[in-house]
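Here's a quick briefing on where a ligand sits in a protein and what surrounds it. Have a look at the structure, then work through the points below.

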Amino acid sequence: MAGSEAMSDAATLYGIGVGPGDIELLTLKAARLLNEVKVIAYPATIGEESLARSIVAPLIPQGVIELPIKLPMEKRREPAQAAYDAGAAALAQHLEQGRDVLFLCEGDPFFYGSFMYLHERIATSYPCIVVPGVTSITACAAARGRPLAARVDRLKVVPATLAEERLQAELQSADAAAVIKVGSHFDKVRRVVDRLGLSARAAIVEAVTQSDERVLPLADIESGSRPYFSTVLIYRGSEPW
Ligand SMILES: C[S@@+](CC[C@H](N)C(=O)[O-])C[C@H]1O[C@@H](n2cnc3c(N)ncnc32)[C@H](O)[C@@H]1O
């Protein structure tokens with residue numbers, strides 16, 4: 001058993017990365033913990049199925065206590081903060097009673113993952129262990145069949161939510177980039193990519209490793225919104241191998 005896991009007998013909150021969709025990308029450690037704990041929690045946008053839960057659904061043992069943290073579909077931060085406050089309080093009750101809790105997180109918990117919101121609320125009072133997962137951007141590069149970055153390339157992860165000018169400046173100075181949170185920002189991303197003359201080097205990967213995965217050259221996509229779980233990969237390939 002690794003490091004801090006052996007340090008304490010106190011109940012522990014585990015933040016588990018479940019990868020981007022394919023259950024076979026779950027780590028052995030995550031699978032073992034799933035089989036051992038009695039309480040699992042996960043984020044769930046109100047009215048939608050939790051993606052993190054659905055990825056590992058076949059492995060969830062009968063009879064575990066499930067604690068969905070119901071997140072409102074809102075841009076304002078306060079309602080989500082309130083949901084995490086309530087979720088953290090519910091998890092803490094189980095920890096207080098000596099039950100480990102496992103929080104499922106799509107991809108990796110600390111790569112733009114929602115686990116950080118619970119970690120900051122719980123880690124000062126209870127042991128917290130983060131179990132890394134396969135990130136969406138590495139899975140997207142694998143699905144595309146092109147490296148994310150090579151040798152001395154500067155790879156940037158850039159949220160599509162940035163203002164157009166800033167997005168352009170970031171992509172201009174990158175050798176390779178993963179643009180995340182594409183969704184309704186797709187047309188802006190494409191305008192910037194076109195302006196920088198990078199269209200031929202860009203692809204969009206949607207729902208990677210899931211049943212509806214799509215990998216397409218950016219130029220082949222019609223304008224409009226893309227699904228939230230879409231990533232644009234840009235690889236200049238200017239560094240000779
Ligand atoms: C809040 S971040 C979460 C990242 C996640 N924790 C990870 O490790 O990949 C969400 C963004 O990651 C990207 N993403 C996550 N899962 C994806 C998937 N299955 N396919 C394509 N992109 C994905 C999308 O750009 C999405 O908008």
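Before we start, a word on labels: helices and strands are DSSP runs, with at least four residues for a helix and at least two for a strand, and they're numbered from the N terminus. Keep in mind that this is a predicted model. Two of those labelled elements, α5 (136-144) and β10 (230-235), each supply at least two residues of the shell around the ligand.

**Around the ligand**

- The ligand has 20 residues around it, and the ones that come nearest are E106, D108, F111, S136 and S230.
- What is that shell made of? It splits into 10 nonpolar, seven polar and three charged residues.

**Polar contacts**

- S230 puts a backbone N or O atom 2.7 Å from an oxygen atom of the ligand.
- With T231 the side chain does the job: one of its N or O atoms is 2.9 Å from a nitrogen atom of the ligand.
- At P20, a polar backbone atom is 3.2 Å from a nitrogen atom of the ligand.
- On its own the ligand would expose 570 Å², and the protein buries 96% of that.

**The pocket**

- The ligand takes up the space of the largest pocket.
- That largest pocket holds about 1,800 Å³ of space.
- It is lined by 48 residues, and T45, Y112, K181, Y228 and F229 are the closest to its centre.
- Which element gives the most to this lining? That's α3, with four residues.
- Other elements that each supply at least two lining residues include β2 (39-45), α2 (51-56), α4 (115-122) and β8 (202-206).
- By type, the lining of the largest pocket divides into 24 nonpolar, 14 polar and 10 charged residues.

Terms used. Residues numbered from 1 in each chain as written. Predicted model: local features only at pLDDT ≥ 70, side-chain atom pairs only at ≥ 80, totals over all residues. Heavy atoms only, no water. Near = heavy atom within 4 Å. Polar contact = N/O pair within 3.5 Å; in protein donor to acceptor, adjacent residues only side chain to side chain. Areas by Shrake-Rupley, 256 points an atom, 1.4 Å probe, with all protein chains shown as cover. 1 Å grid on protein atoms, 1.4 Å probe; cavity = no way out; pocket = protein on both sides within 12 Å on 5 of 7 lines; lining within 4 Å. Sits in = over half its atoms within 2 Å of the grid points. Nonpolar A, V, L, I, M, F, W, Y, C, P; charged D, E, K, R; others polar. Points joined across faces, edges and corners; volume = space filled by probe spheres on them.
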